[in-house]
Every structure is written in structure tokens, then in C-alpha cells.
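Here are my notes for you on this model. Have it open while you read, and take the points one at a time.

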Amino acid sequence: MARALELAQRGLATTQPNPRVGCVLARNGEVIAEGWHERAGQAHAEAAALNAAGDAAAGATAYVTLEPCSHFGRTPPCADALITARLARVVFAIEDPNPRVAGAGAARLRAAGIAVESGLLAEEARELNIGHVSRMQRQRPWVRIKLAMSLDGRTALADGSSHWITGAAAREDVQRWRERSSAILTGVGTVLADDPRLDVRTGAEQQPLRIILDSRLRTPPSAHILAKPGRVLLFTASNDGARRRALEEQGATIERLAEAQPAPERVLRRLAELEINELLVEAGATLAGAFVQAGLADELLVYVAPVLLGPQARPLLQLPALAELAQGRRFSIIEAQPVGADLRLRLRPL
């Protein structure tokens with residue numbers, strides 16, 4: 001199963017909107033064949049492994065990181081393929097929370113006389129597909145907020161200067177988190193102030209969807225974020241036809257929401273409908289703070305630079321004042337990793 005998880009990792013940046021899945025076929029402790037899901041519309045991990053094994057698959061055990069599917073989607077059901085290949089046993093790490101599967105794959109295998117077990121390295125498998133699990137169980141993507149700060153929790157000088165707080169290694173590391181994300185979200189304030197591209201520059205074969213929350217359609221048609229490749233989606237409350245057409249001419253898709261300020265909760269529901277699994281938020285203190293305040297920040301990805309900027313510099317997040325210390329939002333540190341001269345922290349709400 002550990003090897004199957006390694007194989008699944010190969011699809012970290014390519015399987016969207018599908019989950020990342022790996023499969024190993026073995027008999028008597030010897031590996032017969034391996035497979036992994038590379039991208040939507042292509043063979044699932046089980047099918048890839050079965051194709052590699054041929055007739056040798058009969059009587060073998062399949063170790064799969066996710067419950068085999070039982071429905072027709074872009075490809076036929078993997079449960080049926082395992083049955084046809086006359087597998088003796090199937091071990092999967094976690095049940096697929098997709099309502100179209102959710103135990104049906106395991107039930108079909110058992111009905112065909114195949115021994116089925118689950119739960120092996122379940123936590124590792126769940127982490128690998130944390131966005132898929134979130135979208136299926138909560139109807140919203142997993143929200144990861146990327147932040148960069150000084151030792152005293154500041155992001156820029158009082159005049160907005162922030163180029164660069166962190167070093168080159170940290171900025172390269174951010175590229176890998178962008179690459180695995182289904183979409184990257186920012187606010188129009190960041191677009192106007194920094195004119196970022198928010199793309200992946202590691203030679204990735206596909207770009208995440210780039211999203212701008214822009215209530216009044218202030219995004220300039222010349223903004224770098226609109227440059228190809230990749231898709232751009234703007235959420236707005238504006239009905240300004242001229243501005244809309246100018247942005248659409250640059251390839252942007254515009255979705256109008258009724259409220260004056262697009263609420264994060266409604267945006268996340270819509271992104272789930274668009275099959276977004278992992279959302280990386282790279283925004284200013286106000287928008288990032290709004291996600292945290294609404295309880296929608298599943299994970300903070302914080303790069304800490306060994307520098308002090310002083311009390312006049314801009315804060316990490318805009319949050320309401322607290323009456324007492326006990327009201328503070330608390331997080332657990334799940335990872336602390338040096339990245340060049342900086343420190344990367346991953347935190348999740350307690």
C-alpha cells in the first residue's frame with residue numbers, strides 16, 4: 001500500500017478533478033504490476049495495473065489507495081474490471097466519499113466472491129486526497145491560505161513595499177503548492193496593488209484555474225493574471241456591460257453574484273460545483289482574514305522570514321479586535337520545515 005501511495009503521488013498535479021490513486025497487484029509478496037491514475041479521462045489506477053499484468057492478475061491481490069469505482073464516468077467501473085480479471089482479494093485504504101461510489105464498489109466486489117479489506121494506511125490516503133474528500137463530504141474545496149510574514153507577523157512596510165520578504169527557495173516552494181492546487185484565488189485589491197500572474201512556472205502541463213473576487217469589476221484588461229495559459233474566473237456583483245465585455249475579450253469568464261461583496265461561503269459552494277478540490281488562497285490581509293474569520297481556512301501555509309519589520313508595517317490578517325485572550329483562534333502546527341533561509345509552517349485549526 002505504501003508503494004501504491006507513492007504511485008498515486010505522481011498524479012498530484014494532473015488528475016484534477018479526479019482523486020489521486022495508485023494500485024499495486026501482488027501475489028505471495030511479489031509485485032506483479034503497478035498502475036496510477038494520470039489524468040481525467042485516462043485509465044484509472046486499477047485498469048492501468050490490470051493492463052500491465054494481463055492474465056497474471058488472476059488470483060492476485062490488488063492494493064488500491066481508494067475504493068474502486070462502481071459507476072460509469074469517463075471510464076468504465078474499476079470494480080467490474082477487477083472482477084473480470086478474477087482477482088482473489090482487494091485491499092483499499094479509504095472508502096470513496098463520492099456518493100456514486102461510497103461503499104458500492106466494495107459491495108460489488110464482495111458479491112462477486114472477492115475478499116475485500118479496507119483501512120490500511122488510511123490517514124496517508126486521506127491526506128493525499130484531502131480536497132476530493134472535502135468536496136464530496138462538505139460540498140466545498142479544501143481551503144489552503146498561503147501567507148508570507150516577518151518574525152513579528154508583518155507582510156509589508158506601511159507603504160505596501162514587500163518585494164521580497166522571503167527568499168528564492170520559499171518562492172520556488174510556493175510553485176509546488178500552486179501546481180497541486182485545482183485553483184488559486186485572490187482579491188481585486190491584490191491584482192491592483194501587485195499585478196500578479198498567480199500561475200505555475202515549473203513547466204506544469206496544466207495550470208490551475210485563477211479566480212478573482214472583484215465586486216465592481218475593477219480588474220484591468222491588461223492585468224498579468226489574465227495572460228495565457230490557463231483560465232480565469234471573476235466573481236462580481238457588477239452589471240457593468242462594458243467592463244464585462246473588455247474582460248471577456250481577454251479570455252476571462254465572469255460570474256455575477258447577487259450580493260455586493262461575494263461571500264466566501266457562496267464562492268466555495270460554486271467552486272465545488274465546478275469540481276475544484278484544493279483551493280489555494282493568495283490574497284491580502286482583508287480577504288485572507290475574511291476566510292479565517294468565517295471559519296473557512298482549513299490550512300494555513302505560512303512562510304516566516306528571519307526579519308523584523310516593526311509595528312508600523314502591515315499585519316498578516318485583518319481580524320476583529322478581541323475582548324479577551326481566550327477568544328483567539330488557535331491552530332495546531334502539523335509541519336515546520338526550513339526552506340532556504342526561511343521557515344515554512346503548516347497549521348490547521350484546532
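1. Let's start with a question: is E117 buried, partly exposed or exposed? Keep in mind that this is a predicted model. E117 counts as partly exposed, because its relative accessibility is 38%. Its salt-bridge partner is R89, with N and O 2.9 Å apart. R89 sits in strand β4 and E117 in strand β5, 28 residues apart along the chain. At 25% relative accessibility, R89 is partly exposed too.

2. Next, look at helix α7, where R178 pairs with E282 from the loop between β12 and α11, 104 residues apart. The closest N and O atoms of this salt bridge are 2.8 Å apart. Here both E282 and R178 are buried.

3. Helix α7 also holds R180, which links up with E278 in strand β12, 98 residues apart. Their closest N and O atoms are 2.9 Å apart, and both residues are buried.

4. Now find R144 in strand β6. It counts as buried because its relative accessibility is just 2%, below the 20% cut-off. Its contacts beyond its sequence neighbours include W177, R180, E278 and E299. R144, R180, E278 and E299 are also among the members of a salt-bridge network. Overall, the model has 27 salt bridges.

5. Finally, check the largest pocket, with a volume of about 1,600 Å³. It is lined by 46 residues, and E282 is one of those closest to its centre. By class, the lining has 21 nonpolar, 14 polar and 11 charged residues. Strand β6 and helix α7 are among the elements that each supply at least two lining residues.

Note on methods:
Residues are numbered from 1 along each chain as its sequence is written. This is a predicted model: local features need pLDDT of at least 70, side-chain atom pairs count only at pLDDT 80 or more; totals for chains, interfaces and linings use all residues. Side-chain values use heavy atoms; hydrogens and water are left out. Helices (H or I, at least four residues) and strands (E, at least two) are DSSP runs, numbered from the N terminus. Buried means under 20% relative accessible area, exposed over 50%, partly exposed in between (1.4 Å probe, protein chains only). Contact means heavy atoms within 4.5 Å. On a 1 Å grid over the protein atoms alone, a cavity is a set of points where a 1.4 Å probe fits but cannot get out, and a pocket is an open set with protein on both sides within 12 Å along at least five of seven lines; lining residues have an atom within 4 Å of a point. Grid points are joined across faces, edges and corners, and a volume is the space filled by probe spheres set on the points. Ala, Val, Leu, Ile, Met, Phe, Trp, Tyr, Cys and Pro count as nonpolar, Asp, Glu, Lys and Arg as charged, and the others, Gly among them, as polar. A salt bridge is a side-chain nitrogen of Lys or Arg within 4 Å of a carboxyl oxygen of Asp or Glu. Lists of a residue's contacts leave out its neighbours within four places in sequence.
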